[in-house]
Amino acid sequence: MDAVTDPGTARAAFRPAPAPLACARLAAGLATVLLGVVLLPVVSRLPAAARHVLVRLWARAVVRAFGVRLAVTGPRPPAGRPALVVANHVSWLDIPLVATALPGRMIAKREVRGWPVLGALAALGGTLFIDRDGLRGLPGTVREVAGALAAGGRVTAFPEGSTWCGRAGGRFRPALFQAAVDTGSDIQPVRIGYRPHGAAAYVGEDPLGASLWRVVRTPGLAAEIRILDPISTIQYPDRRLLAAAAQHAVHPTAVPPSPPRRPTAGPPAAVLPAGTAVGPRPAVPRQTAPNAYRAVASDSANRPSSSVHQRSASNPASASSSRTPS
């Protein structure tokens, strides 16, 4: 689904739903979220297959309760296969949307932990909270993600680092892709789109309550999740290459990754006379996982960009930006 707001949907966004209907949607959505909080301790004890089915049903119920129509396209990957799910980031709605198709552990910014109701639900659901403004804790988060993938789980991340609500998306930061490299897990790219786009956008200093009210008052708000082809760490054995490949899959206008460099052929080995004794070869040190994690923390590409938010106005060509992470 195209993420650019067209004139027809832009005009529809200015005809809000009646207040009684919006209040009913808001009440239904919050009640469904609270139901998930109550049932989560019981659901978490179920086998993974049954838990994923219930999470998908609950997430779909949350989305529908808030008045959002949902469409999922593309083949779902086989159950039980570890994968790092990466998607573009537009709104807080992205989290339940992805859970409707590919439930798993989420990675969220640290501030989400303090949100009323939603923060407690995220913590009970095993969400990994990350400080996007500090790099010291990033290697630990990468180790946690690698552990979840090594155990056969699925982890969802938004590698743009914050919501991008305009015509273009943000750059995929490569840090978390190191966990997929270390475990040999596939990258599962997902593309999220909304119509009308501006209603779902969650940007800058926008309070969560204001965003909730805007969502429930928007008539005909529709969302699409497009599951794209998986990306193998065998084809792209470096976190930067993986990040570039995933970004190009989610945002086709992004620059495609350069193919991995193949080692060049060296000079022919010297032929020794028969009977010549050959000593043992010197050991070549290999990079261990902890060293790779330390490299993640020092990677300047992981630092937040100076402007991390864009939001479409009624005129698709105009956009504004804010520096506050969402």
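1. Let's start with L54, which sits in helix α3, spanning residues 48–65. This is a predicted model, so please read everything below in that light. L54 counts as partly exposed because its relative accessible area is 36%, and that value falls between the 20% and 50% cut-offs. Beyond its neighbours within four places in sequence, L54 is in contact with V43 and L46. L40 lies 14 residues away from L54 in sequence, and their C-alpha atoms are 9.9 Å apart.

2. Now for the overall picture. The protein has 11 helices and 9 strands. Of its 326 residues, 43% count as buried. If you take the contacts with a separation of 6 or more, 77% of them join residues 24 or more positions apart.

3. A201 is a nice example of such a distant pairing to look up on your screen. This residue lies in the loop between α8 and α9, the latter covering 208–217. A201 is buried, with a relative accessible area of 0%. Its C-alpha atom is 5.2 Å from that of S91, although 110 residues separate the two along the chain.

4. Which residues have the most contacts inside the largest nonpolar core? They are F66, V68, W92, L93, L97, I192 and Y194, in a core of 37 residues. A second core, separate from that one, has 29 residues, including F177, A179, I187 and I231. As background, nonpolar side chains tend to be buried together in soluble globular proteins.

5. Strand β5 is short enough to walk through residue by residue, since it runs over residues 154–157. R154 and T156 point one way, V155 and A157 point the other way, and all are buried. On one pairing, β5 runs parallel to strand β2 (residues 83–87), joined by 4 bridges; here V86 has A157 as its bridge partner. On another, β5 pairs with strand β3 (residues 105–109), also in the parallel sense, over 2 bridges. In that pairing, M106 stands opposite T156.

6. Strand β6 deserves a look too. Of its 10 residues, 8 are buried, so the strand is mostly covered. β6 pairs with β2 in the parallel sense over 5 bridges, with Q188 of β6 as the bridge partner of V85. With strand β7 (residues 222–227) the direction is antiparallel, and 6 bridges join the two. One of the partnerships here is that of R195 with A222 in β7.

7. Just past that strand there is a peptide bond to check. The bond from R195 to P196 is cis, with omega near -10 degrees. P196 itself lies in the loop between β6 and α8, the latter being residues 197–200. For comparison, most peptide bonds are trans.

8. R191 is the residue I would raise for discussion. It is placed in strand β6, residues 186–195. R191 is buried yet has no salt bridge. Why does R191 have no salt bridge with E224? E224 is the nearest side chain of opposite charge but is 7.1 Å away, and a salt bridge requires the nitrogen and the carboxyl oxygen to be within 4 Å. The side chain of R191 does reach the backbone oxygen of V250, at 2.9 Å. Outside its neighbours within four places in sequence, R191 is in contact with N88, E224, I225, R226, L228, A249, V250 and P252.

9. Where, then, is the salt bridge in this model? The structure holds 1 salt bridge, and R226 forms it with E224, the closest N and O atoms being 3.5 Å apart. Are the two partners buried or exposed? R226 is partly exposed, with a relative accessible area of 30%, whereas E224 is buried, with a value of 9%. Side chains of opposite charge can pair when their charged atoms come close. Both R226 and E224 also appear among the contacts of R191, so you can bring points 8 and 9 into a single view.

Technical notes
Residues numbered from 1 in each chain as written. Predicted model: local features only at pLDDT ≥ 70, side-chain atom pairs only at ≥ 80, totals over all residues. Heavy atoms only, no water. Buried < 20%, exposed > 50% of the residue type's maximum accessible area, 1.4 Å probe, protein only. Lys, Arg positive; Asp, Glu negative; His and termini not counted. Polar contact = N/O pair within 3.5 Å; in protein donor to acceptor, adjacent residues only side chain to side chain. Contact = heavy atoms within 4.5 Å. Core = buried A, V, L, I, M, F, W, Y, C linked by side-chain atoms within 4.5 Å. Pairing = 2+ DSSP bridges.
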